[in-house]
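Work through the following exercises with the structure open beside you, and try each task before you read its solution.

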Amino acid sequence: MSLPTVRVLSDAQGVAEAAADQIIDVAIAAVAERGVFHLCATGGSTPAALYRALREPARAARMPWAETQIWFGDDRFVPRTDSLSNVFPLDAELLSANADGSASPIAPSAVHPWPTTAATAQAAVTEYLAELRAAGVPHTSSGFPIFDLVLIGIGGDSHCLSVFPGSPLAGEGAPVAAGVPAPTHIEPHVPRLTFSLGMLTSALEVLALAPGAGKAESLERIFSSATAVVDAPAKAALIPQATWLLDSASAARLPS
Ligand code: 6PG
């Protein structure tokens, strides 16, 4: 197993700020090399603080917003206006006007949600994969999009994206993306749309955000050599191009 970079910050705010700084550095390099930065965002409770950190004036001034396109690694199969949507915190914290009334730094057209208005999950998957191709996002020969940076949160059950323990999306030969029935073991109990784990290994960089004491047991399981990927899907992000941003509370059960 090739180890990722692991950084332990003091708290969740430290994780958000470190993530924002790394995103900006990767974005500047991507734009310099390829003229565009394709960021794949995540859901859960970590993105809101990250988006706020990105909008702080000193960071916002460094970020190449005009060349940035934002995608999502997964979403809940609910309307974008539903607070359960993974787009909801981005709409609230990044696409909203600034407190001083100035416009969001990024154009709404640069944000690409999963089409959760589609009639079925498969239709939504087909539509989203076509949108990625049409946008010129590079792909692997296996059909996975190659994002410049993929953000993931880590579930208390050691899932990432919406690939839950025991999922066929955690195995070899999984489709690039699929609909996922509503999980019963973890909130929210709504259907999901998600890329499978191969999207992580196809990414140029991965940023795993896992602050908080509630993640300590999950991280212990993920970093244990005794655990299989199918039982802790976030293990798929233990790869050289990944940086894991933890805090003292979530790293408490890991070897120093
Ligand atoms: C989702 C997310 C999911 C999330 C983890 C961690 O749709 O729920 O994509 O993978 O990132 O559950 O969530 P927290 O950071 O809120 O614990």
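**Exercise 1. Find how much space lies in the largest pocket, which residues are closest to its centre, and how its lining divides by class.**

Solution. Begin with the volume: in this predicted model, the largest pocket holds about 390 Å³ of space. Next, look at the residues around that space, where 23 residues form the lining, and those closest to the centre are Gly 43, Gly 44, Ser 45, Arg 76 and His 159. Finally, sort the lining by class, which gives five nonpolar, 13 polar and five charged residues.

**Exercise 2. Decide which space the ligand takes, and describe the residues and polar atoms around the ligand.**

Solution. The first step is to place the ligand, and the space that it takes is the largest pocket. The second step is to list its surroundings: 15 residues surround the ligand, with Ser 45, Asp 74, Arg 76, Leu 161 and Lys 215 as the closest. By class, this shell is made up of two nonpolar, nine polar and four charged residues.

The third step is to look for polar contacts, for which a pair of N or O atoms must lie within 3.5 Å. A polar backbone atom of Leu 161 is 2.6 Å from an oxygen atom of the ligand, and a polar backbone atom of Gly 43 is 3.3 Å from a ligand oxygen. In the case of Thr 42, an N or O atom of the side chain is 3.4 Å from an oxygen atom of the ligand. To finish, consider how far the ligand is covered: on its own it has 410 Å² of accessible area, and the protein covers 89% of this.

**Exercise 3. Search the whole structure for cavities of 30 Å³ or more, and describe the lining of the largest cavity.**

Solution. The search finds one cavity of 30 Å³ or more, and about 30 Å³ of space lies in the largest cavity. Its lining consists of Leu 39, Tyr 51, Leu 54, Met 63, Trp 65, Thr 68, Ile 70 and Leu 94. Sorted by class, these are seven nonpolar residues and one polar residue, with no charged residue. Both α2 (47-55) and β3 (68-72) supply at least two residues of this lining.

**Exercise 4. Explain what is notable about the backbone at Pro 188 and at Ser 158.**

Solution. Start from the general rule that most residues other than glycine have a negative phi, and that most peptide bonds are trans. Now compare the peptide bond from Glu 187 to Pro 188, which is cis, with omega near -10°; Pro 188 is found in the loop between β6 (177-180) and β7 (192-195). Ser 158, in turn, has a positive phi, near 70°, and is found in the loop between β5 (149-153) and β6.

Methods. Residues are numbered from 1 along each chain as its sequence is written. This is a predicted model: local features need pLDDT of at least 70, side-chain atom pairs count only at pLDDT 80 or more; totals for chains, interfaces and linings use all residues. Side-chain values use heavy atoms; hydrogens and water are left out. On a 1 Å grid over the protein atoms alone, a cavity is a set of points where a 1.4 Å probe fits but cannot get out, and a pocket is an open set with protein on both sides within 12 Å along at least five of seven lines; lining residues have an atom within 4 Å of a point. Grid points are joined across faces, edges and corners, and a volume is the space filled by probe spheres set on the points. Ala, Val, Leu, Ile, Met, Phe, Trp, Tyr, Cys and Pro count as nonpolar, Asp, Glu, Lys and Arg as charged, and the others, Gly among them, as polar. A residue is near a molecule or strand if one of its heavy atoms lies within 4 Å of it. A polar contact is a pair of N or O atoms within 3.5 Å; within protein, one must be able to donate a hydrogen and the other to accept it, and residues adjacent in sequence count only if both atoms are side-chain atoms. Accessible areas come from the Shrake-Rupley method with a 1.4 Å probe; for residues, only the protein chains shown count as cover. A molecule sits in a cavity or pocket if more than half of its atoms lie within 2 Å of its grid points. Helices (H or I, at least four residues) and strands (E, at least two) are DSSP runs, numbered from the N terminus.
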